[in-house]
Amino acid sequence: MSSSTPSTSPASSASFFSSGGFSRRSALGAGLAVAGTGLLAACSSDPAPSPGAAYVSPHGPEVAAAEAKRTPGKGGPVRTVKLTATPATVDLGAGRTVRTWAYGDDLPGKEVRVTAGDTLALTLANHLPQTTSLHWHGLALRNDMDGVPGVTQPEIKAGAEFAYRFTVAHPGTYWFHPHSGTQQDRGLYAPLIVEDPKEPLKYDKEWVVVLDDWVDGVDGSTPEAVLAELRQGMGGMDGGEGHDMGDMPGMDHGSGHSGHSMSMTRSGSAAGGSAAGGSATSAPPTGPSRMMMGATSELLGGDAGDVNYPYYLINGRIPDAPSEFRAKPGDRVRIRFVNAGGDTAFRVALGGHEMTVTHTDGFPVTHAKTDALLLGMGERYDVLVTVKDGVFPLTALAEGKRATGLALLRTGKGAAPAPIIRPKELDGRVLTADRLKPAPGTALAARTPDRTIRIRLTGGMMKYDWGFDGRPYDPARRYDVSAGERVRIEFTNGTSMWHPLHLHGHTFALGSGVRKDTAVILPGRKLTMDFDADNPGLWMIHCHNVYHSESGMMTTLGYRAE
């Protein structure tokens with residue numbers, strides 16, 4: 001078994017992925033656009049790579065061969081979809097409208113539904129004033145369709161289109177969103193449901209529930225301005241610079257939300273936020289301060305979040321005007337939960353009901369009963385519920401933030417509950433992924449890892465310097481793997497914050513054997529992911545807190561060209 005450290009490659013000053021703008025993700029092109037050409041030198045891996053060794057290109061024959069293995073026979077039916085990213089005015093309910101960016105006029109975007117084995121052919125038209133992209137969260141798909149500008153494709157310029165086409169191999173609950181700056185924290189997200197042609201579950205109805213935290217267009221706020229404020233760090237606030245928690249034992253680089261007791265008034269100008277869509281624009285703080293103060297949660301190990309959102313939504317609606325799902329008493333309903341939030345974990349419960357968890361991140365689990373679920377950003381869970389007679393609240397508690405989202409289940413007559421209702425189930429049994437077990441036939445085969453990659457999570461609120469191994473994202477650094485290996489990634493969280501970690505293009509097994517693509521790591525804890533390197537290309541690993549990733553908590557996994 002080898003132990004891998006990131007290889008470092010000299011970055012070219014130009015990239016064929018370049019669109020004239022700069023962002024952390026577009027910068028990847030400088031170091032990775034030459035992948036597969038034999039020009040990319042790598043070093044500091046154990047065992048050491050040979051001089052001039054290259055990585056598999058997202059457009060190389062290895063990627064095409066892997067796609068051919070996923071494609072049944074001559075290929076399944078083609079599902080053609082047209083999607084437009086555009087500025088829009090959306091109605092959050094109760095007379096509250098906001099200007100944002102969305103897929104059409106819908107929030108969430110209109111669901112895309114296919115069957116496993118289908119070919120999805122989706123063309124994205126960019127009517128935004130910035131470049132954009134589209135990432136298929138959770139799918140093991142061909143690398144050149146993964147939707148990461150500067151890594152797998154060029155940015156989609158304003159006024160241009162990009163045609164995504166790939167085989168959708170695995171059933172499950174997924175979603176899609178941009179991988180460009182902080183665009184995901186606008187209205188650019190939608191569910192992707194992949195039906196199982198041999199569906200083993202029996203149910204009468206299906207309810208897709210998308211959770212979100214909302215700031216865009218409220219009192220002048222934008223996600224870019226939120227990031228600009230956060231990047232000033234605690235030292236950029238009135239009231240003094242505070243203490244650098246990096247000087248304390250066991251803490252890295254100011255890992256301290258303990259400064260949350262400080263006053264919150266703006267100070268200074270923006271420190272140059274990451275530009276959504278790849279532009280090198282600085283977003284000066286606009287609107288009220290959005291830095292979160294005093295958000296704590298035992299379930300999350302302490303600090304709950306960085307951003308104080310004005311609204312928490314379920315299927316695009318605020319609690320004062322909730323969306324409503326109708327069924328008949330006795331119906332068995334499959335609920336598919338998606339956390340599309342930018343900075344919020346949600347604790348979810350259906351008042352008066354017990355839930356049976358059947359899947360997480362698209363993979364079946366041994367059925368487990370619970371009163372409530374905890375979802376980190378990017379995570380998905382499927383549950384079954386036999387519904388009772390009446391009107392019931394589906395409440396999403398913004399964990400640690402003292403606010404909720406609300407939707408209603410209506411199966412009969414009755415008045416709607418109050419917007420602030422907190423069903424007792426939220427304080428009952430709360431299920432998290434580490435308590436689940438894989439369903440029979442879904443666990444990875446037992447195997448000793450061929451390669452172990454060790455990554456330490458670092459950074460904190462004081463300087464807002466989130467990263468891996470004490471460094472912000474660097475396009476010239478990547479972790480090597482070889483096709484056919486069993487790879488183990490060992491994460492150590494050296495920060496005082498929880499993080500939802502997401503691996504592109506693969507599913508991994510947790511210690512329990514449960515298969516996931518996004519998993520929560522608590523402060524001071526370790527998290528182990530095992531996966532089979534069976535999908536060649538260049539793949540991102542990052543925190544799915546959009547503000548942490550855009551501040552540097554991401555890196556790249558690269559398949560070596562053999």
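Glu-399 makes a good starting point in this predicted model. Leaving aside its neighbours within four places in sequence, Glu-399 is in contact with Ser-297, Leu-299, Leu-300, Ala-304, Thr-344, Ala-345, Arg-347 and Leu-374. You can find Glu-399 in the loop between strand 22 and strand 23 (403-410). Is Glu-399 buried or exposed? Its relative accessible area is 4% and the cut-off for buried is under 20%, so Glu-399 counts as buried.

**Two nonpolar cores**

Strand 22, which spans residues 391-398, leads us to the nonpolar interior: with five residues, strand 22 gives the largest share of the largest nonpolar core. That core has 117 residues, and the ones with the most contacts inside it are Trp-136, Phe-337 and Phe-491.

What does Phe-491 touch, if residues up to four places away in sequence are not counted? Its partners are Ile-455, Leu-457, Leu-501, Ile-521, Arg-525, Lys-526, Leu-527, Met-529 and Ile-541. A second core, separate from this one, has 17 residues, and Val-90, Trp-175, Trp-214 and Val-338 are among them.

**A strand covered on both faces**

Leu-501, one of the residues that Phe-491 touches, is also a good guide to strand 29 (residues 499-503). This strand is mostly covered, with five of its five residues buried. In a regular strand, the side chains alternate between the two faces of the sheet. In strand 29, His-499, Leu-501 and Leu-503 are on one side, Pro-500 and His-502 are on the other, and all are buried.

Which strands are joined to strand 29 by bridges? Strand 32 (residues 518-521) is joined to strand 29 by four bridges, and the two run antiparallel. Strand 34 (residues 538-543) is joined to strand 29 by three bridges, again in an antiparallel arrangement. Leu-501 takes part in both pairings: its bridge partner in strand 32 is Ala-519, and in strand 34 it stands opposite Cys-543.

**From strand 34 to helix 4**

Let us follow the chain a little further. Asn-545 sits in the loop between strand 34 and helix 4. Asn-545 has a relative accessible area of 2%, so it is buried. Asn-545 and Pro-500 are 45 residues apart in sequence, yet their C-alpha atoms are 6.8 Å apart in space. Not counting residues up to four places away in sequence, Asn-545 touches Asp-306, Gly-342, Asp-343, Met-377 and Pro-500. With Asp-343 there is also a polar contact from side chain to side chain, at 2.6 Å.

Helix 4 (546-550) brings in helix 3, whose buried residues pack against it. Helix 3 (residues 223-231) is mostly covered, as eight of its nine residues are buried. The buried ones are Pro-223, Glu-224, Ala-225, Val-226, Leu-227, Ala-228, Glu-229 and Leu-230. After helix 3 comes Gly-233, with a positive phi near 75°.

**A four-stranded sheet**

Now turn to an open sheet of four strands, with the order 5-10-9-7 and mixed pairing. Its edge strands are strand 5 (112-115) and strand 7 (135-137), each of which pairs on one side only. From one strand to the next, the twist averages 25°.

Strand 7 is joined by three bridges to strand 9 (residues 172-177), and the two run antiparallel. Within this pairing, His-137 stands opposite Trp-175 of strand 9. Trp-175 is a residue you have already met, in the second core.

Just ahead of this sheet is a backbone feature to look for. Pro-108 lies in the loop between strand 4 (96-103) and strand 5. A cis peptide bond joins Leu-107 and Pro-108, with omega of about -10°.

**Two positive phi angles**

Two aspartates have a positive phi although neither is a glycine. The table sets them side by side.

| Residue | Phi | Loop | Relative accessibility |
|---|---|---|---|
| Asp-361 | about 50° | strand 18 (355-360) to strand 19 (363-370) | 1%, buried |
| Asp-469 | near 55° | strand 26 (467-468) to strand 27 (477-481) | 31%, partly exposed |

Why does Asp-361 count as buried? Its relative accessibility is 1%, and buried means under 20%. Asp-469, at 31%, counts as partly exposed because its value falls between the 20% and 50% cut-offs.

Notes. Residues numbered from 1 in each chain as written. Predicted model: local features only at pLDDT ≥ 70, side-chain atom pairs only at ≥ 80, totals over all residues. Heavy atoms only, no water. Pairing = 2+ DSSP bridges. Axes fitted to C-alpha atoms, helices over the stretch in contact; angles between N-to-C directions. Core = buried A, V, L, I, M, F, W, Y, C linked by side-chain atoms within 4.5 Å. Buried < 20%, exposed > 50% of the residue type's maximum accessible area, 1.4 Å probe, protein only. Contact = heavy atoms within 4.5 Å. Polar contact = N/O pair within 3.5 Å; in protein donor to acceptor, adjacent residues only side chain to side chain.
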